[in-house]
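Trainee: I would like to learn how to read salt bridges, burial and helix packing from a model. Can we work through one case?

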Amino acid sequence: EYDPWMGFNEKTFDFNHGLDTHVIKPVAKFYDKVVPNVVQRAVRNIFENFGSFRRLINMTLQGRGNDAGQELGRFVINTVFGLGGFIDAAPSFGVAERREADTGQTFGVWGAGPGPYLVLPLLPPSTVRDTIGFVFDVAMDPLTWVAPFAAAVGVTAEKQVNDRSLNLELFENVEESVFDLYAAVRNGYLQRRHFLVQEGRQASHFVRRERLILSGDE
């Protein structure tokens with residue numbers, strides 16, 4: 001829980017939380033009322049399908065060959081049989097459940113520490129390592145290659161509202177059940193990122209090979 005910039009982070013967190021409470025949440029509630037759940041899930045699926053490119057590159061860089069193969073299969077199946085990704089058809093073909101992979105996680109698998117906790121305006125919680133990774137992730141998003149900046153911002157806003165509408169009750173339950181929301185979000189984020197890095201290292205062929213060499217078994 002390395003949080004040396006806590007004063008700045010708390011102020012930024014309050015700003016982001018206020019924006020969520022007074023803007024994003026009301027829009028998401030209206031969106032949830034007028035947009036059927038099946039359409040919301042389809043929108044989420046298409047964004048997840050676009051994210052396959054980022055996940056595939058990072059799984060490969062982490063040495064997760066099996067996960068990379070599953071991700072490639074998921075992308076092909078959902079694109080061909082899932083109407084371009086609107087339908088998650090991969091489970092019907094026996095493809096394993098989707099696993100997360102991003103550049104911040106890749107840096108962690110390679111041995112980079114998270115650095116200080118960091119909260120920036122209009123962005124989710126992060127660390128210095130994950131913020132640098134986020135820049136690479138944005139560059140790997142196919143939408144940024146073909147869409148003008150204004151259109152890309154609009155698409156990102158649509159994704160955020162859609163995700164918020166699918167998790168309205170979850171967000172409300174969290175806010176009502178904790179005394180210190182800032183600390184709860186920080187600790188939950190850092191724990192999840194630690195888990196994802198450890199998961200990536202356990203699945204990495206590079207890390208397993210390094211352990212074999214160090215142990216003298218190879």
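Trainee: Is D163 buried, exposed or partly exposed?

Mentor: This is a predicted model, and D163 is partly exposed in it, since its relative accessible area is 25%. The cut-off for buried is under 20%.

Trainee: With which residue does D163 form a salt bridge?

Mentor: The partner is K159, with the closest N and O atoms 3.0 Å apart. Both residues belong to helix 8 (residues 149-166), and because they are four residues apart, about one helical turn separates them. K159 is also partly exposed, at 34% relative accessible area.

Trainee: Where does Q160 lie, and how accessible is Q160?

Mentor: Q160 is in helix 8 and counts as partly exposed, with a relative accessibility of 41%. From Q160 to W5 the C-alpha to C-alpha distance is 26 Å, for a separation of 155 residues in sequence.

Trainee: Which parts of the chain are tied together by the salt bridge between E199 and R99?

Mentor: Start with the pair itself: the closest N and O atoms of E199 and R99 are 3.0 Å apart. E199 sits in helix 10 (residues 181-203), while R99 is in the loop between helix 4 (65-81) and helix 5 (103-109), so the salt bridge joins parts that are 100 residues apart in sequence. The two ends differ in burial class: E199 counts as buried at 19% relative accessibility, whereas R99, at 40%, counts as partly exposed.

Trainee: How many salt bridges are there in the whole structure, and which residues are linked in a network?

Mentor: A search of the whole structure gives 17. A network of salt bridges links E48, R54, R55, E71, R98 and E100. One of its pairs is R98 with E100, whose closest N and O atoms are 3.3 Å apart. R98 is partly exposed, at 32% relative accessible area.

Trainee: R54 and R55 bring us to helix 3. Which residues of helix 3 are buried, and how are they arranged around the axis?

Mentor: In helix 3 (residues 52-61) the buried residues are S52, R54, R55, N58 and M59. Viewed down the helix axis they fall within an arc of 160°, so they line one face of helix 3. Those buried residues pack against helix 2 (37-50), helix 4, helix 5 and helix 6 (128-139). Just after helix 3 comes G63, with a positive phi of about 80°.

Trainee: What describes the packing of two helices?

Mentor: The angle between the two axes and the distance between them describe a packed pair. Here, take helix 1 (residues 6-34) and helix 9 (residues 168-177): their axes come within 11 Å and cross at roughly 145°. The crossing is left-handed. Helix 1 contributes H17, D20, K25, A28, K29 and D32 to the contact, and helix 9 contributes L168, E172 and E175. By class, the residues of this contact are two nonpolar, one polar and six charged.

Trainee: Is K25 buried or exposed, and what does K25 contact?

Mentor: K25, in helix 1, counts as buried, with a relative accessibility of 17%. Apart from neighbours within four places in sequence, K25 is in contact with D20, R164, L168 and E172. L168 and E172 are among the helix 9 residues that make the contact with helix 1.

Note on methods:
Residues numbered from 1 in each chain as written. Predicted model: local features only at pLDDT ≥ 70, side-chain atom pairs only at ≥ 80, totals over all residues. Heavy atoms only, no water. Salt bridge = Lys/Arg side-chain N within 4 Å of Asp/Glu carboxyl O. Buried < 20%, exposed > 50% of the residue type's maximum accessible area, 1.4 Å probe, protein only. Helix = DSSP H or I, 4+ residues; strand = E, 2+ residues; numbered from the N terminus. Axes fitted to C-alpha atoms, helices over the stretch in contact; angles between N-to-C directions. Left-handed = near helix turned anticlockwise from the far one by under 90°. Contact = heavy atoms within 4.5 Å. Nonpolar A, V, L, I, M, F, W, Y, C, P; charged D, E, K, R; others polar. Arc of directions from axis to C-beta.
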